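Subject: Structure handover and notes

Dear colleague,

Please find below the structure I promised to pass on, together with its sequence. My notes follow it, and I would be glad if you read them with the coordinates open.

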Amino acid sequence: MSLRTTVAALAAVLSLALPVAASAAELKVAYVDLQRVLLEVDDGKAAKARLQKWLDDKQKEIDKEQTALRAEKETLDKQASAMTAEVRAQKEGELQKKVMVLAQKWEKSRGEAANKERQEMEPIINKIDQVVASIAQRDDLGMVLDKRDSGIVFAKAQYDISNEVIRAYNGSGKKTTAAKDAPTK
């Protein structure tokens, strides 16, 4: 290959690579820890407290039924010697059915908890997405990645916009509340 052909090929490669390199240099990227944001914004804290109260209430209800079933089993065990085999088998069967019903109730409450969490968190996540989008637009960010789900192993803290998202989210709720509560003339 002649020097002229090599230089021409190199020039062609550089002419294609320079615009790509220039556009890559202009790409601004940031990341956000969405899980942390969700737990630290005011609405997220309130939703988590509501969910925890609901879970605690459900757990108390299940614990109460479980205690009653244990007491019923103890009574059955104490009276078993005085019962006929047929009566004892019937009582044990009834107790076993109650245990199964309680297990189903517990499993159902786990599904309800997942649904309730989704219902509570979905509007908050949507609002967080809007806040992230507005910050990205304002700062001309080409991409905003989720710290946990993007596969980021390391990133400088200066590219983390989580605190800014939390402040903007909490601030946006106060502005609308303040405007709503403002006296009209």
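May I begin with a single residue: does Glu-120 count as buried or exposed, judged by its relative accessibility? Glu-120 counts as buried, because its relative accessibility is 17%, and the cut-off for that class is under 20%. Please keep in mind throughout that this is a predicted model. Glu-120 belongs to helix H4, and, once its neighbours within four places in sequence are left aside, Glu-120 is in contact with Ala-47, Arg-50 and Leu-51.

As for the chain as a whole, its secondary structure comes to five helices and two strands, which follow one another along the sequence in the pattern α-β-α-α-α-β-α. The protein chain has 185 residues, of which 19% count as buried. Among the contacts in the chain with a separation of 6 or more, 87% are accounted for by residues 24 or more positions apart.

Much of what I found concerns two helices, H3, which covers residues 42–79, and H4, which covers residues 85–138. These two helices pack at an angle of about 180 degrees, and their axes lie 10 Å apart. That angle makes H3 roughly antiparallel to H4, since angles over 145 degrees are counted in that way. The residues of the contact of H3 with H4 divide into 14 nonpolar, four polar and 17 charged.

I also checked the length of each of these helices against the expected rise. The 38 residues of H3, at 1.5 Å a residue, should span 56 Å, and the end C-alpha atoms of H3 are 55 Å apart, which agrees. For H4, with 54 residues, the expected span at 1.5 Å a residue is 80 Å, and a distance of 78 Å between its end C-alpha atoms agrees with this. H4 nevertheless bends by about 35 degrees at Met-121, and a proline, Pro-123, follows within four residues.

The buried residues of the two helices can be listed as follows. In H3 they are Gly-44, Ala-47, Leu-51, Trp-54, Ile-62, Leu-69 and Leu-76, and these buried residues pack against H4 and against helix H2 (34–40). In H4 the buried residues include Leu-95, Leu-102, Ser-109 and Ala-113, and also Met-121, the residue at which the bend was placed. Further along H4, Ile-124, Ile-128, Val-131, Val-132, Ile-135 and Ala-136 are among those that are buried. Ala-47 and Leu-51, which are buried in H3, are also among the contacts of Glu-120.

Gln-130 lies in H4 as well, but Gln-130 counts as exposed, because its relative accessibility is 56%. The C-alpha atoms of Gln-130 and Tyr-169 are separated by 9.1 Å, although the two residues are 39 residues apart along the chain.

Which residue that follows H4 has a positive phi? It is Asp-140, with a phi near 55 degrees, a positive value in a residue other than glycine. Most residues other than glycine have a negative phi. Asp-140 is placed in the loop between H4 and strand S2 (143–146), and Asp-140 is exposed, with a relative accessible area of 56%.

Two residues of helix H5, which covers residues 162–181, are also worth opening in your viewer. Ile-166 lies in H5 and is buried, with a relative accessible area of 9%. Ile-166 touches Arg-36, Val-37, Glu-40 and Val-41, if residues up to four places away in sequence are not counted. The C-alpha atoms of Ile-166 and Leu-34 are 9.7 Å apart in space, while the two residues are 132 residues apart in sequence.

Asn-170 likewise lies in helix H5, and at 14% relative accessibility Asn-170 counts as buried. With residues up to four places away in sequence again not counted, Asn-170 touches Glu-40, Val-41 and Asp-42. Asn-170 and Glu-40 are 130 residues apart in sequence, and their C-alpha atoms are 9.5 Å apart in space. Glu-40 and Val-41 are thus touched by Ile-166 and by Asn-170.

With kind regards

How values were computed
Residues are numbered from 1 along each chain as its sequence is written. This is a predicted model: local features need pLDDT of at least 70, side-chain atom pairs count only at pLDDT 80 or more; totals for chains, interfaces and linings use all residues. Side-chain values use heavy atoms; hydrogens and water are left out. Axes are lines fitted to C-alpha atoms, for helices over the stretch in contact, and angles run from 0 to 180 degrees between N-to-C directions. Angles under 35 degrees count as roughly parallel, over 145 as roughly antiparallel, 65 to 115 as roughly perpendicular and the rest as oblique. Ala, Val, Leu, Ile, Met, Phe, Trp, Tyr, Cys and Pro count as nonpolar, Asp, Glu, Lys and Arg as charged, and the others, Gly among them, as polar. The expected span of a helix is 1.5 Å times one less than its number of residues. Buried means under 20% relative accessible area, exposed over 50%, partly exposed in between (1.4 Å probe, protein chains only). Contact means heavy atoms within 4.5 Å. The bend at a residue is the angle between axes fitted to the seven residues ending there and the seven starting there.
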